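User: I am new to this structure. Please walk me through the terms used for it, and tell me what backs each one.

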Amino acid sequence: MAEADTISIPEAQSQFTASGNRQALISLSDKKDLAFLGKGLQSFGYSIISTGGTASSLENAGVSVTKVEQLTCFPEMLDGRVKTLHPNIHGGILARRDKKHHMEALNKHGIGTFDVVVVNLYPFYDKVSSGGIEFEDGIENIDIGGPAMIRAAAKNHKDVLVIVDSQDYSALLEFLQGNQDDQLFRRKLAWKAFQHVASYDSAVSEWLWKQTEGDKFPPSLTVPLSLKSSLRYGENPHQKAAFYVDKSLSEVNAGGIATAIQHHGKEMSYNNYLDADAAWNCVSEFTNPTCVIVKHTNPCGVASRDDILEAYRLAVKADPGSAFGGIVAFNIEVDEALAKEIREFRSPNDGKTRMFYEIVVAPKYSKKGLEILRGKSKTLRILEAAKNKKGKLSLRQVGGGWLAQDSDDLTPEDVQFKSVSGKAPQESELRDTEFAWLCVKHVKSNAIVIAKNNCMLGMGSGQPNRLESLRIAMRKAGDEVKGAALASDAFFPFAWNDAVEEACKSGISTIAEPGGSIRDGDAIDCCNKYEVSLLFTDVRHFRH
């Protein structure tokens, strides 16, 4: 570099170079408990270096502060974009105390060391998730100096304590008061710092990608997860487990079980979350007052009625044995009358046994309804959830990777039910078919649902052979199968002497399936023989 191009670094005031002078650097966007922290550090003899608004807040709290520009001998510039990006700051953070040449370099340039760095970042996440922010405003809320200081301090955590969370202020002061040398404590803070910056950067990346191509599947993807709770165990008692909340921008105010409020009951388990999610996703699909009961992620009872009490009773009646110990979900408020019915309703199997549930899920509860449900059982988990937004990205783990897809958001209104047989369905039969089709998308494949009058009569799930799923569904439906509608999540590979013919012989009035088999003609001929309406949807609903 030519002499004319060299950059001179002004020497900081000598008061900041004295050996043994402990310094803390504080630069905060969120100033929660700042006065508590500043006074605590000052009481331990720390000189506090700070920036702009943070310095003003500390001074107002009676804490002595030195402003950053006094160290850098350089004013804040570029509308605040540059204030801490300076060797007098980063040299003091990054210098290793155990390396003689590092310390000699600091002394040569009049740079003091920092022992504590406390930084949090511009509220980018809150700004861009609040809606309506202009692109340039989003860009200006991307923090540069903050992440640089955090990463520098975290890298040099052996010598520098880094804090990014106000909840750690007390632990920091206790650590300093004890004059401890706990490297594990320092490493934990460093991990938290790097994780904080990683989550921040993932939000910036997610937002910026949407401002460019906007494709749902970017070349690389980071999903920021935040621990919500440690669970007693996983799917089975020998498996350890935890529950994380997705902090992606796309999940802000997007509803779902992860953000549900638990009003009562035992802590949620791994299987509770899976079952509650399945029940809530299913019941949220319906526009009329509906009750869904789930066992092992499969709906075993679904009913829609103007009278939600009747819907609840019919949902239980569909399969009382499976409903016992299941999850019951509603898409309307649980009021006093419904709460009493949930508390007192007896199993249709014997008319005596009160129905027991692990979880009740609903969008809201009346004050009296909540009080009554709390009295049903000490362990009953009562969840209040918001409906899932459509258009979410669905992720699923496989060994060594993740599968990503659009969520299956199609409803009967999005699909054309094409009559392909000689007999067209009556209006009531078509309504039954649409109801069965909406249910079957929530049943594990191979899936069959039989329904009539907005009530699921029987379902068969998870069988490798579709014929077996049909037989299970028909057995559960019993005599009510006559005149009912049947929905299949995928096409029938065989018709004669197989599922289609058995369904026709049982008295089913209408069958809905995607179509697409090389033997579709056999299915049509079979339905014509038995005068059954066959509808193709061109939409498959596999659920594995």
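User: How do you know that strand β1 and strand β2 pair?
Analyst: This is a predicted model, and the answer comes from its bridges. Two strands pair if DSSP finds at least two bridges between them. Four bridges join β1 (residues 23-27) to β2 (residues 47-50), so the two strands count as paired. They run parallel. In one of the bridges, Gln 23 has Ser 47 of β2 as its partner.

User: Which sheet holds these strands, and what is its order?
Analyst: The sheet is open and has five strands, in the order β3-β2-β1-β4-β5. The pairing is parallel.

User: What makes β3 and β5 edge strands?
Analyst: Each has a single partner strand. One side of β3 (66-67) and one side of β5 (161-163) is therefore left without a neighbour in the sheet.

User: What lies across β4 and β5?
Analyst: Helix α9 lies across β4 (116-119) and β5. It runs at about 165° to β5. Angles over 145 degrees count as roughly antiparallel, so α9 is roughly antiparallel to β5.

User: Why are α1 and α9 called roughly parallel?
Analyst: Helix α1 (residues 34-43) and helix α9 (residues 169-177) pack at an angle of about 5°. The cut-off for roughly parallel is under 35 degrees, so this pair qualifies. Their axes are 10 Å apart.

User: Which residues make that contact, and of what class are they?
Analyst: From α1 come Phe 36, Leu 37, Gly 40 and Leu 41. From α9 come Tyr 169, Ser 170, Leu 172, Leu 173 and Leu 176. By class, seven are nonpolar, two are polar and none is charged. Gly counts as polar here, so Gly 40 belongs with the polar residues.

User: Why do α4 and α8 get the label roughly parallel?
Analyst: Helix α4 (residues 87-94) meets helix α8 (residues 145-155) at about 25°. That is under 35 degrees, so the label fits. The axes lie 8 Å apart. On the α4 side the contact uses Ile 89, His 90, Ile 93 and Leu 94. On the α8 side it uses Ala 148, Met 149, Ala 152, Ala 153 and Lys 155. The classes are seven nonpolar, one polar and one charged. Lys counts as charged, so Lys 155 is the charged residue.

User: What makes β11 mostly covered?
Analyst: Strand β11 (residues 326-330) has five of its five residues buried. Buried means under 20% relative accessible area. Strand β12 (residues 357-362) is also mostly covered, with five of its six residues buried.

User: Which strands pair with β11, and in which sense?
Analyst: Strand β9 (residues 290-295) is joined to β11 by four bridges, and the two run antiparallel. Val 292 stands opposite Ala 329 there. Four bridges also join β11 to β12, and these run parallel. Gly 326 is partnered by Tyr 357, and Ile 327 stands opposite Ile 359.

User: How do you know that β12 pairs with β13?
Analyst: β12 and strand β13 (residues 381-384) share four bridges. Pairing needs at least two, so they pair. The sense is parallel. Ala 362 stands opposite Glu 384.

User: Which helices join these strands into β-α-β units, and of what hand?
Analyst: Helix α14 (residues 336-344) forms a right-handed unit with β11 and β12. Helix α15 (residues 367-374) forms a right-handed unit with β12 and β13.

How values were computed
Residues are numbered from 1 along each chain as its sequence is written. This is a predicted model: local features need pLDDT of at least 70, side-chain atom pairs count only at pLDDT 80 or more; totals for chains, interfaces and linings use all residues. Side-chain values use heavy atoms; hydrogens and water are left out. Axes are lines fitted to C-alpha atoms, for helices over the stretch in contact, and angles run from 0 to 180 degrees between N-to-C directions. Angles under 35 degrees count as roughly parallel, over 145 as roughly antiparallel, 65 to 115 as roughly perpendicular and the rest as oblique. Contact means heavy atoms within 4.5 Å. Buried means under 20% relative accessible area, exposed over 50%, partly exposed in between (1.4 Å probe, protein chains only). A crossover is right-handed if, with the strands pointing away from the viewer, the path from the first strand over the helix to the second runs clockwise.
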